[in-house]
Amino acid sequence: MATSSCPDLFQIRIGFVGVGNMAQAIIDGWMKGDVIKPGQLMASAPSDRNLKIVKEKGIQTTHNNCEVVRSCDVVILACKPYHIAQVSEEIRSEVTGSKLVLSLLAAVTIPKLEAGLPSGTRVLRAMPNVASAVQEGCTMLVRGSNVTEADVALTKALFSPIGLVEEGTDALCNVGGAYGGAIAYMAIVLESMSDGAVKMGMQRHMATRMAAQIMMGTGKMQLETGLHPGQIKDSVCSPNGTTIRGVHAMEQGGVRGALMEAMEVSVKRAEEIS
């Protein structure tokens with residue numbers, strides 16, 4: 001994903017409240033593309049385990065969530081979703097009108113976020129995925145009731161260099177969150193393709209690299225051409241050929257239905273806990 005240079009980004013300070021896998025993926029993507037400098041970042045967490053990782057990248061760390069909020073212009077909530085009530089209560093006295101709050105928390109809606117923070121707080125939800133680390137992420141944004149166009153533009157400037165960005169609603173954000181987890185589904189497909197090639201005699205390292213490239217190439221083809229996935233499939237299925245035999249085997253195995261079901265149950269689970 002091509003990066004974009006935005007001089008204004010170098011003037012802001014960004015803090016992470018919680019710095020687990022998703023936060024680290026975003027940080028890695030920013031640093032890979034020189035989008036944000038390490039000195040602009042600060043992170044808090046209850047233990048040293050994750051803080052040690054980001055501190056080695058040159059990021060300031062603390063165990064004090066309020067210190068992050070006081071010190072930063074943009075506050076990214078990246079704690080566990082079930083900790084949000086406690087975290088909101090802890091930091092609310094430090095959340096002034098000058099702060100922009102971004103939430104990465106699955107199943108925590110805009111109304112819930114705004115209810116836990118001072119009236120008028122500028123809040124956005126951002127649901128990315130861990131492919132942000134290699135600048136090929138996918139992020140769903142949801143506007144809070146108090147954000148400005150400048151807030152949205154800033155958020156897009158932060159996430160666009162590390163992947164695709166789309167806007168939606170809280171309800172759609174649960175679907176967007178399922179796309180975050182869908183990396184696991186794609187990894188299973190990738191591994192299965194690799195297993196099949198190994199079964200037929202290919203070395204594992206070659207099988208996995210080729211499967212990964214095929215997945216990446218298919219996605220890039222769709223994004224750049226706009227072709228319906230069915231058209232891409234049909235373009236490589238010759239009558240009575242090898243590929244249509246493989247497609248038939250996939251249909252018999254229920255691959256299509258299994259992936260649809262995986263997306264559905266993921267979204268329903270998010271709705272249950274939201």
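Leaving aside its neighbours within four places in sequence, which residues is Thr-109 in contact with? Let's keep that one in mind and come back to it in a few minutes.

Hi everyone. A word on the model before we start. It is a predicted model, where local features need pLDDT of at least 70 and side-chain atom pairs count only at pLDDT 80 or more, while totals for chains, interfaces and linings use all residues. Residues are numbered from 1 along each chain as its sequence is written, and side-chain values use heavy atoms, with hydrogens and water left out.

Now, confidence. pLDDT is the predictor's confidence in each residue, from 0 to 100. Here the chain has a mean pLDDT of 94, with 97% of its residues at 70 or more. The exception to mention is residues 1–7, where pLDDT stays under 50. Where pLDDT is low, the predicted coordinates should not be read in detail.

On to the sheet. Helices (H or I, at least four residues) and strands (E, at least two) are DSSP runs, numbered from the N terminus. Two strands pair if DSSP finds at least two bridges between them. In this model, eight strands make an open sheet with mixed pairing, in the order 3-2-1-4-5-6-7-8. Strand 3 and strand 8 are the edge strands, each pairing on one side only. On average, neighbouring strands of this sheet are turned by 25° against each other, direction ignored. For angles like this, axes are lines fitted to C-alpha atoms, for helices over the stretch in contact, and angles run from 0 to 180 degrees between N-to-C directions.

Helix 1 lies across strand 1, strand 2 (41–44) and strand 4 (74–77), and runs at about 155° to strand 1.

Let's zoom in on strand 6. What joins strand 5 to strand 6? Four bridges do, and the two strands run parallel. One pairing to look for is Leu-102 with its bridge partner Leu-124 in strand 6. Between these strands the chain passes through helix 5, in a right-handed β-α-β crossover. Right-handed here means that, with the strands pointing away from the viewer, the path from the first strand over the helix to the second runs clockwise.

On to strand 7 (residues 137–143): four bridges join strand 6 to strand 7, and this time the strands run antiparallel. Met-127 has Met-140 in strand 7 as its bridge partner. Strand 7 then joins strand 8 through five bridges, running parallel, and Thr-139 stands opposite Val-165 in strand 8.

Is strand 6 mostly covered or uncovered? Covered: six of its six residues are buried. By buried I mean under 20% relative accessible area, with exposed over 50% and partly exposed in between (1.4 Å probe, protein chains only). Arg-122, Leu-124 and Ala-126 point one way from the strand, while Val-123, Arg-125 and Met-127 point the other way.

Helix 6 (residues 149–159) has buried residues too, among them Val-152, Leu-158 and Phe-159. The buried residues of helix 6 pack against several elements, including helix 1, strand 5 and strand 6.

Next, charges. A salt bridge is a side-chain nitrogen of Lys or Arg within 4 Å of a carboxyl oxygen of Asp or Glu. The whole structure has 14 of these salt bridges. One of them joins Arg-125 and Asp-170, with the closest N and O atoms 2.7 Å apart. This pair links distant parts of the chain, 45 residues apart: Arg-125 is in strand 6 and Asp-170 is in helix 7 (residues 170–199). Both residues are buried.

Compare that with Lys-57 and Asp-28, whose side chains meet in a salt bridge at 3.1 Å, N to O. Those two are 29 residues apart in the chain. Lys-57 is partly exposed, with a relative accessible area of 29%, and Asp-28 counts as partly exposed at 28%. There is also a network of salt bridges that links Arg-143, Glu-149, Lys-156 and Glu-167.

So, back to the opening question. Thr-109 sits in the loop between strand 5 (100–103) and helix 5 (110–115). Thr-109 counts as buried because its relative accessibility is 18%. Beyond its sequence neighbours, Thr-109 is in contact (heavy atoms within 4.5 Å) with Arg-125, Asp-170 and Ser-274. Two of those names are familiar: Arg-125 and Asp-170 form the buried salt bridge we just met.

Thanks for listening!
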